[in-house]
Every structure is written in structure tokens, then in C-alpha cells.
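Hi,

Here is the structure I promised to pass on. Have a look first, and my notes on what turned up follow below.

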Amino acid sequence: MMEKTLPARSMSRAWIGRYSLAWLGLWMAYLVPQQFALPDQLARVDPAGRIADFGVINAVCGIVALFTLPLFGTLCDRTRSRFGRRRLWVAGGATLFASGLVATGLQSDWIGIGLSWLVCSIGFCMATVGFTALVADQVPEAQRATVSSAMFGPQTIGVVLGLFCLTAITGDLLRYLLLAAGVLVLTAPFVLKHRDTATTRPDGGVGLREFVASVRDNPAFAWIFGTRVLMNLANALATSYQLYFITDVLRVAHPEQLLLLLTMVYLAWTLVSVYVCGVLSDRLGRRRVFVACGATLQALGCAAVAIAPSTASALVATSLLGVGVGAFLAVDQAIITAVLPAAENRARDLGIMNIGLFGPQTLGPLLAGLVIDGLGGYQVLFALAGATSLVSGLLIYRVSSVR
């Protein structure tokens, strides 16, 4: 059955601020290495194999995340300590993440870099299960879109801030030390001030059978999982090979400059959309319309470059994608936490749900590469991304328990 127990106490602005600050540290340390620090480090330690190395590292980390997210969620639900259970996993994950970052900066071969980054990925997953579960534990329904914005809004700020700082620094160790310090310093206020709610005994076992049973009794959870997978997959298909699209199709004189411009436009629109839609969703008490609108805007952006690829259409498409994904992220956590099968297994079920976030990031680039090389090229890729996005917007209306 869908959980009926909802938190009653409103979260203060200070709590939301500390929560957002902690996510800023996590997103910055997780996303900036993938976009800049890791590729740059691999290009120096293994110039000939840098592309293959980066692909293997991301694939391994993605596969490991598919298993660790539900496992850590299950263990988080069963954790009992004076320090709390959610807070313990946030603190432990942040510490492991920071340790992995320092280790990554010390490596001089691609295998060592990959293993160290795997530690970072595991630490990020640990912190994620604690952070997402405590939203369901303590945040009232009327604030969950605002808190979802506080979680995903810092993605944009973290990428911009991290790139600005790291591009001004030379030396791998110094770069990763800065990111590690950011994780610890920015998560510390939340860890030190937060207090977990009273715990309940988890119901059932830890295996796939128990999860399948909870989903069978609550199909809304499955529909939302499908919505999340398809929305994130569509975004991954549309954005994974932007540089190659600019180089091979648009053929501009300076592809790196256009890529930077498109990235900044995308991030700016995402940031505006996620905060505006989060506030509107809580005030209106509606969630599904923001997912549907976000999916439609993302599909329109894909259609623009599929039909008439050009620099102008790429800028329009990037803007539409940014607004669309921002609208979705603004209500993402609010919708998910509204249909959790059981309060006793929140972290476990959220761990499964988070596969819908990390899985597409791993499989999306692989599928996109297959489409580009063998199924018609970039226009077919964008058409597929748009169709996938539209389906995600339709699936959300299978969930009648969410307005």
C-alpha cells in the first residue's frame, strides 16, 4: 500500500538552505570531474586511450550504482545508531566521497583513476540514499517541490562554480583537494544540525521478491519509475554527443566555444525553471502538469534540431531542453515521495527509484552511439529522444494518486 503517514512539521528556510548547500557540494564534486577534471587527467596519463578509458570508467561506475543504490537503501532503513540513520549515511557517504577524490588526484594511470573514482561514486550513492529518504521522513507534502528544487537547483550552480575554479588551477591533486574540501565543508552544516525522526522497523526482506511485491501492490510506483527512466533517457540521448554534433553536423569554426555557449544557456534555463516551477507546484498543489509540460518542451527542443539542424535551432533547442528538464526536476522528488510503497522501506525504495536517474546516464550514451553509427545519425537520435520524452509525459497520467 502507498504510505499514508506524512510529516506535519514545516521545514524552516534554514533547514532548506543547509540541505541545498550540501547538495551543492555533492553535485559540484560529482559532475565537474565528469565534465572536465577526469577527461583532462586521462588525456595526460593515457593520451591514446583517453576516450575508451573514460567510457569504461563511467560504465563500471554506472553498473555498480545499479546494485549499490538499492543495497545501501535497504541498509539505511535498518541502521540504528545514536547518530541517527539517514544522517549517518549522509556523513559516511560524504567522507568516503571526499577520500575518493583525494585518491583520484594522486593517481598516475587510468586504472588507478578508475578505481579511485569508483570509490567516489560509491560515496555519492551512500549520501544520496540518506538525503532522499529523509525528505520522505520529514518534509511535508506542501513543501516537497520546493525541497526538490533545493536538491536539483544546485546542479547548475555547482557545475558553473566548479568549472570556474578548476580551470584556473593546474595540478590534479590540488583540483581534487578543492572538490573534497567542498564536499566536507558544504555538507557539514546539515550533518551537524539535522536530527532524524523516530525510526520504525523495516518490513520484509531485502531481496528482489520483496520489492516486486511492494510494486505489485502499488502500481503508481512503477509508473513513476518508468516516467523517470524515460525522461532522463531522453535527456541523455539529446545531450551526450553535443560536441560531436557541433563538429560533424553544424561544422562551425570554433566548436568548443559554441559548446560552452550551449552549456551555459542550458544551465541558466534549467536553474530558472527548477526554482520557479518548484514554488508554483507547491502553491498550486499540482505535480503532474509540470512533468507533462517539461516532457513536451524537451520533445519540442529535440524536434527543432531534428527537423532543421543549425546554430540557431541548437540555441532554441537548448533553451527548451533546459526549461523542460527544470520543470521535471522541480517536482521529481515530490512525486516520488508521494507514492512510496511503505514508510518502513523508504530508503530501499528510493534506492531503486534512483536507478531511474543513474541508469539512463550510463545507458544513454551507449544507445546514442549505436543510433549515430548505425541507425541514421543525429537527426534520428534527436527524433528518438523527442519521442521518448513524450512517452514519459504520458506515463505520469497513469498515476491518479498524484494531482
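One cut-off before anything else: I call a residue buried when its relative accessible area is under 20%, exposed when that is over 50%, and partly exposed in between. Keep in mind too that this is a predicted model.

With that cut-off, Thr 388 counts as buried, because its relative accessible area is 11%. You'll find Thr 388 in helix H15, which covers residues 378–395. What does Thr 388 touch, if you skip the neighbours within four places in sequence? The contacts are Leu 230, Leu 233, Ala 234 and Leu 237.

Helix H13 (residues 346–353) is worth a click as well. Eight of its eight residues are buried, so H13 is largely enclosed by the rest of the structure. The buried set includes charged-residue names you may want to look up in your viewer, among them Arg 346, Arg 348 and Asp 349. Ala 347, Leu 350, Gly 351, Ile 352 and Met 353 are on that list too.

Now the core. The largest nonpolar core holds 112 residues, and those with the most contacts inside it are Trp 15, Tyr 19, Phe 97, Leu 101 and Phe 131. Helix H1 (residues 13–45) supplies the largest share of this core, with 17 residues. If you want one place to start, try Phe 131: leaving out residues up to four places away in sequence, Phe 131 touches Tyr 19, Ala 22, Trp 23, Leu 26, Val 90 and Phe 190.

On the outside, there is a nonpolar surface patch of about 450 Å². Which residues make this patch? They are Trp 269, Val 272, Val 276, Leu 280 and Leu 284. Val 276 sits in helix H10 (residues 255–284). Its relative accessible area is 43%, so Val 276 counts as partly exposed.

Last, the cysteines. How many disulfides are there? The count is zero. For Cys 120, the nearest cysteine sulfur belongs to Cys 61 and lies 8.4 Å away, while a disulfide needs the two sulfurs within 2.5 Å. Cys 120 is buried, because its relative accessibility is 0%. Cys 125 is in no disulfide either, and its nearest cysteine sulfur, again that of Cys 61, is 8.9 Å off. At 1% relative accessibility, Cys 125 also counts as buried.

Over to you!

Key. Residues are numbered from 1 along each chain as its sequence is written. This is a predicted model: local features need pLDDT of at least 70, side-chain atom pairs count only at pLDDT 80 or more; totals for chains, interfaces and linings use all residues. Side-chain values use heavy atoms; hydrogens and water are left out. Buried means under 20% relative accessible area, exposed over 50%, partly exposed in between (1.4 Å probe, protein chains only). A nonpolar core is a set of buried Ala, Val, Leu, Ile, Met, Phe, Trp, Tyr and Cys residues joined through side-chain atoms within 4.5 Å. Helices (H or I, at least four residues) and strands (E, at least two) are DSSP runs, numbered from the N terminus. Contact means heavy atoms within 4.5 Å. Patches are made of residues with over 30% relative accessible area and no salt bridge: like charges are joined within 9 Å, nonpolar side chains (Val, Leu, Ile, Met, Phe, Trp, Tyr) within 5 Å. Accessible areas come from the Shrake-Rupley method with a 1.4 Å probe; for residues, only the protein chains shown count as cover. A salt bridge is a side-chain nitrogen of Lys or Arg within 4 Å of a carboxyl oxygen of Asp or Glu.
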